[in-house]
Every structure is written in C-alpha cells, then in structure tokens.
Amino acid sequence: MRQFLKNFALISVGLIAGVAATIQLSATAQQCAQLPLDELRTLSNVFAQIKREYVEPIKDKQLLTDAVKGMVSSLDPHSTFLDKKDFSEMQEQTSGKFAGLGIEITSEDGVAKVLNPIEGSPAARAGLQAGDLITRLDDKPVRGMSLDKAVRTMRGTSGTKITLTIYRKSEERSFPVTITRAEIKVQSVKTKILDNDIAWVRITSFQERTVPDLAKKLTEIANQDPKLKGIILDLRNNGGGLLQGAVGVAAAFLPADVVIVSTKGQSPDSKQVFNATPAMYRLSEPGDPLAGVPEMFKKLPMVVLVNAYSASASEIVAGALQDYKRATIIGKTTFGKGSVQTVHPLTSDSALKITTAYYYTPSGKSIQAYGVKPDIPVDQNKDGDPDDVLIAREIDSEKHLRNKQSAEDKLIKDREQRRLEELQRIEEKNAKKTPEEKEKDKNKKPPELGSADDFMLTQAVAFINGQPVKRSSSKLE
C-alpha cells in the first residue's frame, strides 16, 4: 500500500520514473492485443480517406493525436490525453509555480470572469478587478472557448505579452489591457486571526506544499493567539488538486488513523482506503509534515466554508469533516466531482489522465454529481445570490459520471424544477425593484474573500460565537 502511494504521488506531480514508464508501456501493449479488428479496420479506412481526400494535407501525427484525444474526451469531463504542452502545464499547476497573469477565473455567460487577481501579480498591477469579464484574448473571442483553453492561452513564457479585452459591468464599458506574463508563485495556504480570536484559514488549491505549509501556518497561529476559540477553514473557489493534499489537510483536524476517503474503480489498484497517517499524505519530504501541529486544532469549534466552485479535493476534506461531525459545513452545495483521476505517462512528454475511481466519504457516501450539502446553507451576499441559479455543476455536464447510489434521473428533474422556481422568484423580485436599486445591483462588486464585506464569513463567525445565522432563501439549497 505504501509503495502504491509513493508511485501514485510521483505520477500525480509529473515525476516520471523509467520503471513506471516501462510497466505502463507493457500494460498498454497487452491491451492493444485485445482491440477489436473490425473497429481497427474502420479507423484505418477513415485515416486513409482523410489522407487521400481532405481539402488540405494533414500530418499523420496530428490526425492520430486528435483521434486519441477524441476517444479519451468522450469518456467523461475529467479524462483527457495530455500532449507535451498540456503535460507541462499540469506539472506547473501541481508544483504551484507557473508563468501567467495571476488571476483566478471562472466561466459566466460564455466568457471568462475574474474571481480574484492574485495579490502582487501582473493582473493585479494592471488593475483587473474581481467581477471583470474577459471577452477577448489578443484577437481571439473567448465566447465558445473552453475555460481550460482560455487558461492555457493566458499562460505562456515569462516576459511575453497578451492583450485582454475587459468588460466592466460597473462602468458599462469595454477596454483593452496589455499584460506582461511573469512567473506566478501560488501560496495555497493563507491565514489570519479575526478580531474575535477566530482563525481564518483559506486553502486555494491542493499542491505539493499545501500540507507542510498548513502545518507551519497553524503552529504560527497557535503561538500568536493561544486563546483561540474557533477556526474557519475556507475552501470556497478551491477546485481541488492532489489527493494526498486533501488527505493531509483533513488529517490536521481529525484523530490519527481515521479513514479520510476511500476509492473504488475497475482496477485493483483503484480500490484504496486513505487514512489520517503520514504514509497517506506525505509527498516529497521525509517524516510527518503534521508532526508539530498543536492538538488544539483537533478540538476547536470549526466551520468549513464551501460554494459551487469547491470541487474534488475540497469535497474530500469537507465530506470527511462533515461525516465525523468535526466541523459544520456552511455555504452552498459544492460542485459534485466525486471521481479520482490518475495520470499515466505514455512518453517522455505526454500522458493519459483518466478517471480511475469514484471516491467515498468515511460513511461510504458518494457525492459524485450531488456534491456536499451544507449543514447550514448561506448566501455569499447579504441580499442573496441571484447568479447562483446560472452556475453549472458536475450534474449539469452532459457526459458526467452517474451517481450509482440513488436515482439520478429523478434528482436531475427535481433540480431543474427548483431551478425554474428560483428563476421565477428572482424575476418577480427584480420586477419590484426601483431604477436606483437596479443601478446599485449593476455596480455591485463581488466581496473579497476574507474581508469585512465577506457576508458568508461573517455568518461563520456568528455561528462559532453562538449567534443567529441568516440562512439562504434559495430554492436550489
């Protein structure tokens, strides 16, 4: 088991060992021997027809690479063939260092929306704001472009430039911004102590350094304020990352050796149980990265903040802490990505990222497509979140893996009905607003997470202090 974890970690972060590559190639060769001949003949015929008759000549490598990409992408939204560029970018993401602009983005109305410019990044220095919509990247329109492609386009070599066309709702204008790319070092763990002896710990993604960095930050917090009366773990807008990072973060707040998450798929290697032990979350450093974390963090009253953009590894952490009743989950239902992807190197500069298992919370519950339901649903904004009804989750994806534990068709139908009811409620509410109120809504900026204007955070603080919490009125919750 320990050896499997070590190999899995190496593959996950893109460190390719020769032995691993050899084993993978041998396994692939065995599988190829079982391929159906009729389908291979069809593929060969199509390939030959394209080479002979297509309007323009196409290189063999491009045709075959695209065929492989199409085969893998047809499986589910998270399986993909990684060519040289994709593989390199994946390695950058897990290491926490890459060259780009320094913004967190999401998709809204077919374009890219800025969630948060990273402090000190090229995007922040250029004046980009949360809520800005990116409509063009150089001369290419963003509408119709996948979010992954938009991210890849904005990344590049340090020192190179890219021009973004920004639409700012508050000013009702579009304008170009030329930004020079630079190396971005993402600090995945951010902390501060709030005025009332409550620690706020935000994890932006799960990377190689997340667990040791969390341990360091928690120790600093305990030394700074030994009279802490609660902790808020903020996983909002955290799209996931390394599985070991999620196991380690959960282990920091749970008793030793308890089950954090289990995985189950077709392959024998996919059937695993991950416990709160160093062998399960240790990556590059020897010893236990959580060894020095004060015991107080396993007992302090705790809240976990989540939203629709909390996915994958974030849901592993939230699900484990909820199952053990170690923390109260506050916010919105999470994204619902309850599957595990494994990266198999194919050549020195390409790999196959494929969904290999479902993961299950300690109680055995699958959250695939359903997400983690908050114990207390709370809006991000004091007066509600009308845009939430437009946010697409895993269950809205056409090719998403189905949840095998319940009747998903009924859930989808019920969710669509509640979505329509919520849209109607919002329309009726907007119809009653004055022109001044509509203008105010138009100029509203998303609150900065962790700031005094962060309504969801204030409700988490109120809960720890034993005060009333304003619950969400959304029918989707």
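**Exercise 1. Locate Asp213 and decide whether it is buried or exposed.**

Step 1. Asp213 belongs to helix α8, residues 210-224. Helices are DSSP runs of H or I with at least four residues, strands are runs of E with at least two, and both are numbered from the N terminus.

Step 2. The model is predicted, so local features need pLDDT of at least 70 and side-chain atom pairs count only at pLDDT 80 or more, whereas totals for chains, interfaces and linings use all residues. Residues are numbered from 1 along each chain as its sequence is written, and side-chain values use heavy atoms, with hydrogens and water left out.

Step 3. The relative accessible area of Asp213 is 15%, so this residue is buried. The classes are buried for under 20% relative accessible area, exposed for over 50%, and partly exposed in between, with a 1.4 Å probe and protein chains only.

Step 4. Apart from neighbours within four places in sequence, Asp213 is in contact with Gln187 and Val189; contact means heavy atoms within 4.5 Å.

**Exercise 2. Describe the setting of Thr342.**

Step 1. Thr342 is found in strand β17, residues 339-347.

Step 2. With a relative accessibility of 12%, Thr342 counts as buried.

Step 3. Thr342 and Leu352 are ten residues apart along the chain, and their C-alpha atoms are separated by 8.0 Å.

**Exercise 3. Characterise the overall fold of the protein.**

Step 1. The protein contains 14 helices and 19 strands.

Step 2. A compact globule of 477 residues would have a radius of gyration near 23 Å, and the protein agrees because its own value is 23 Å. The radius is taken over C-alpha atoms, and the globule rule is 2.2 Å times the number of residues to the power 0.38.

Step 3. Along the principal axes, the C-alpha atoms fill a box of roughly 70 × 55 × 50 Å.

Step 4. Of the 477 residues, 46% are buried. Among contacts between residues at least 6 apart in sequence, 70% join residues at least 24 apart.

Step 5. The protein exposes about 24,300 Å², of which carbon and sulfur atoms supply 53%. Accessible areas come from the Shrake-Rupley method with a 1.4 Å probe; for residues, only the protein chains shown count as cover.

**Exercise 4. Identify the residues with the most contacts inside the largest nonpolar core.**

Step 1. A nonpolar core is a set of buried Ala, Val, Leu, Ile, Met, Phe, Trp, Tyr and Cys residues joined through side-chain atoms within 4.5 Å.

Step 2. The largest core has 51 residues, and those with the most contacts inside it are Leu233, Phe253, Ile260, Phe297 and Val304.

Step 3. Not counting residues up to four places away in sequence, Phe253 touches several residues, including Leu214, Leu218, Ile231, Leu233 and Phe297. Lys298 and Arg326 are also among the residues that Phe253 touches.

Step 4. A second, separate core of 21 residues includes Ile103, Ile162, Ile166 and Phe175.

**Exercise 5. Trace three salt bridges and state the accessibility of their partners.**

Step 1. A salt bridge is a side-chain nitrogen of Lys or Arg within 4 Å of a carboxyl oxygen of Asp or Glu. By this rule there are 14 salt bridges.

Step 2. Lys69 and Asp83 pair at 3.0 Å, N to O. This pair links distant parts of the chain, 14 residues apart: Lys69 is in helix α4 (residues 60-73) and Asp83 in the loop between β1 (80-82) and α5 (84-95). Lys69 is partly exposed at 27% relative accessibility, and Asp83 is partly exposed at 22%.

Step 3. Arg168 and Asp132 form a salt bridge at 2.8 Å, N to O. Arg168 is in strand β7 (residues 161-168), and Asp132 is in the loop between α6 (122-125) and β5 (133-137), 36 residues apart. Arg168 is buried at 8% relative accessibility, as is Asp132 with a relative accessible area of 2%.

Step 4. Arg236 forms a salt bridge with Asp454, their closest N and O atoms being 2.6 Å apart. Arg236 lies in the loop between β12 (230-234) and α9 (243-251) and Asp454 in the loop between α13 (435-442) and α14 (455-464), so the pair ties together parts 218 residues apart in sequence. Arg236 is buried, with a relative accessible area of 0%, and Asp454 is buried, with a value of 0%.
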